[in-house]
Amino acid sequence: MLLYAVRRIVISIPILLVSSFIVFWLGTLSGNPLTPLLLRNPPPPQSVLDAEAARLHLDEPLVPRYLAWLGGVFRGDFGPSVIATQDIGEELATRFWVTMRLIIVAMIVALVLAVLVGVYTAVKQYSKSDYAATFIGFLFLAMPSFWLAILLKQGGIDFNTIVGDQVIYTIGASSIPPPDGLLARVADVAGHMVLPTIALALISYAAWSRFTRASMLETLNSDYVRLARAKGLPRRTVMFRHALRTALIPLTTVTALDMATILGGAVITETVFQWRGLGDFLIESIRQFDTYAVTSWLLISATIVIVLNLVADLLYGVLDPRIRYA
Amino acid sequence: MPDAIDTTHPRPAAPADPDREFTVEERSQAQLVLRRFLQHRAAMVSLVVLVLLVLLAYVVGPLWRYDVGQITPDNSAPPSLAHPFGTDAVGKDQFAQVLGGTRTSLQVSVMVALLATFVGTLWGSIAGYFGGWVDTIMMRIADLVLTLPLIAVAAMLAHNLGGTWYLIGLVIAGLYWAYVSRVARGVVLSLREKEFIEAARALGASNTRIIVRHLVPNALGSILVNLTILVALAILLETALSYLGFGVQVPDTSLGLLVNEAQTALTTRPWLFYFPGLFIIIIALTINFIGDGLRDAFDPQQTKVRQ
C-alpha cells in the first residue's frame, strides 16, 4: 500500500509540471503586471519600470523564466510577487490551514448529511420525504454558491440583530485580535466557521445525496442483500453491513473527483465571508496579474487535490476488501 | 364455415380490421423518445417554465418601458406596479436589469453548451473511434485541460479578454469541451464494438459514413442529455465569474453581476438581491429537470432499478 501511494505520487508529478507550465504561460498572457505602475500619475521614470520588470524577470523569455521559478520552488522560493513586500511562500503557508480546515470540515459535514439522507430516501423510496429530499437536492444543485453564501451571511447578521449580540460570526476566519486562552481561541475559530462550512457543504451535499440514494437503491435490490434478508439476519445488520458498506464504495470515487470543485467553491465562499485563505489569495493575485503567485497557488491546490484523491483511493481499499494495492 | 375461403391463413381471434397488421404505423426511435419525454411530468413543467422565461427575457424585455442601464426618476423603490422588481440606488429599473442579465447569461451558457458539445463530441468520438496512439494523444490533451482548476483559469483568461459575453463563453467552452470529449469517447467506445457497426464495416462503409450514419445518431441521446446539463453548469460558472468581477462587465449586465452589485445593500434593498438569484435558480433548475426527462426518454432502462 505504501508502494502504491509512492507510485501514485510519482505519476502525478509530470501532470503537476505540465499544468503549472500552462497556468504560468496563461498568466504571462493574461496581462501586464506593470499596469498599476504605468497608470500612475505622474508616470514613473523609465528606470523604475525597467527595474520592476527586471525584478519580476519580465525581460526574460517564457521557458527560462518558468524553469527558474520551478528551480526556486524546490529551494522554497516561490518567486517575486508583484507586491514587493509579499513573500508568496510565506503567504501561502499562513493561508493554507485557513482554507484546509474549511474544506475538510465542509466535506465531512456534506458526506455525513449526504449518506444519512441518501440512505433514508433509498429505504423510503417514493415516499413523501423521498420526494421532498429529491426536490431539495435539485434546488441546491441549481443554486449559485455565492448567492446561497450571501443569503446565509445575511441570515447570520439578521439573527445577531434580533438577539442583540454577536452570536454568529459573519466576517473573517477568526477575530482580530484573537481572544486569550486556547479554549476561547478554538471556540472563536469554530464560531467563524459555521456559516462558511454550511455554504460550502450544501453545494456538494446535493450531488452526493443523489448519488448515495441511487447507489443504495442498487445494492438494496441486489441478490446478496435479498439473500441476507432471507437468511433472517436482523434488518439493521443487512442495512449497514451488507448494503451500506457496498453502496459507499462508489461514493469515495465521486468525492475524490469533486475535490477540485470544492476548492473552486472555497474561492467563492472565502470571497463572500472575507476569509484570508487560499481562494482570496488567488483572486487578489489574478487581479494584479501576479503570475508567480497564481502559479504557486495552482501548485498548492493541485497538490491538495492529488493528496486527497490518494486518500480516497486508499479508503477504497479499506471499504472494499477485494481491492488490494500490491 | 361457409365463408372460409383461405384456410392457410387463419384470422386472429378478434380482428378489428383484417389489414391492421399492415396499417399500424411504424414508430421511429425519435417518436418513441418524444412520447416518453412528453410523459415526464417534471420535465414538461420545466420546459413550459423555461420557455416562458425565455419569452419574458427576449420578447417582454425589449418591449418593456425601461432599457438596461436606463436611469429612472425613482431610486431605491421597492417592487411596485411601475417597477415589478423595484429599482436600485441610482434608479435603474431592476426588472429591465434582470431581463437583460438573463439574456446575457442565457446567451453565454447556450453558446458554451453548443460549442463545447460540438468540439468535445468531435474530439472524443475521433479518439474513441480510431483508438491506438490517436486516442492516447487526444485524450491526454483532454485530461490536461481537465486538471486545470476551472474557476482559476477561467478567471485569469476572462480577466484579460474583457467582459464581452461571447469572450466569456469562449473561455468557459474552452474548458468544458474536455468533459464532453470524455463522455463522447466513452459512448463511442461502447458503440464501436456493437454488431451493427461491424456489419456496416463488413458491407464496405467508409469511416466517415460509419461515424455520421451510425455512431452519431446512436450517441445522440447521451450527448443531448449532456448538452442540457452543460447549459446549467455554464450558467452557474458564468454568474460566479461575473460575481467575482471577472465575467461580464458594465455596461453589459449578467445575473451574477447583479447579485454582486446588490450584496452590499441586502438589508435596505433586498429585492435587488433576490430576483437575479431567483432567475439563476429557475433557469438551472428547469434545465436540470429537462435533462433528467431527456435521460429517461432516451434510455428508459437506466433509471429503473433491477428487480
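This report walks through a predicted model with chains A and B, going from the fold of chain A to the contact and then to chain B.

**Chain A on its own**

Let's start with the overall picture. Chain A has 13 helices and zero strands, so to speak an α-only run from the N terminus on. Its C-alpha atoms fill a box of roughly 85 × 60 × 40 Å along the principal axes. Of the 326 residues in chain A, 37% count as buried. If you look at contacts in chain A with a separation of 6 or more, 73% of them link residues 24 or more positions apart.

There's also a record to mention. An unreviewed UniProt entry puts the annotation "domain: ABC transmembrane type-1" on residues 96-316 of chain A. Over that stretch the chain is 83% helix and 0% strand, and the C-alpha atoms at its two ends sit 26 Å apart.

**Where the chains touch**

How many residues does each chain bring to the contact? Chain A puts in 37 residues and chain B puts in 32 residues. On the chain A side, the elements giving two or more residues include H1, H6, H7 and H8, and also H11, H12 and H13. H1(A) gives the most to that side, with nine residues. Here is how the chain A side splits by class:

| Class, side of chain A that touches chain B | Count |
|---|---|
| Nonpolar | 26 residues |
| Polar | ten residues |
| Charged | one residue |

**The core, seen from chain B**

Now for the nonpolar core. The largest one has 155 residues, and the members touching the most other members are Val112(B), Ala154(B), Tyr176(B) and Ala234(B). Helix H9 of chain B, residues 207-244, gives the most to this core, with 18 residues.

Which residues does Val112(B) contact once its neighbours within four places in sequence are set aside? The list is Gly169(B), Ile172(B), Ala173(B), Tyr176(B), Leu230(B) and Ala234(B). Two of those names, Tyr176(B) and Ala234(B), have already come up among the core members that touch the most others.

**A barely covered helix**

Helix H8 of chain B is another story. This helix spans residues 195-202 and is hardly covered: among its eight residues, the count of buried ones is zero. After H8(B) comes Gly204(B), with a positive phi near 95°.

Technical notes: Residues numbered from 1 in each chain as written. Chains lettered and ligands numbered in written order. Predicted model: local features only at pLDDT ≥ 70, side-chain atom pairs only at ≥ 80, totals over all residues. UniProt positions renumbered as here; feature names shortened; annotations may be inferred. Helix = DSSP H or I, 4+ residues; strand = E, 2+ residues; numbered from the N terminus. Buried ≥ 20, exposed ≤ 12 C-beta atoms within 10 Å, placed from the backbone. Contact = placed C-beta atoms within 7 Å. Core = buried A, V, L, I, M, F, W, Y, C linked by C-beta atoms within 7 Å. Nonpolar A, V, L, I, M, F, W, Y, C, P; charged D, E, K, R; others polar.
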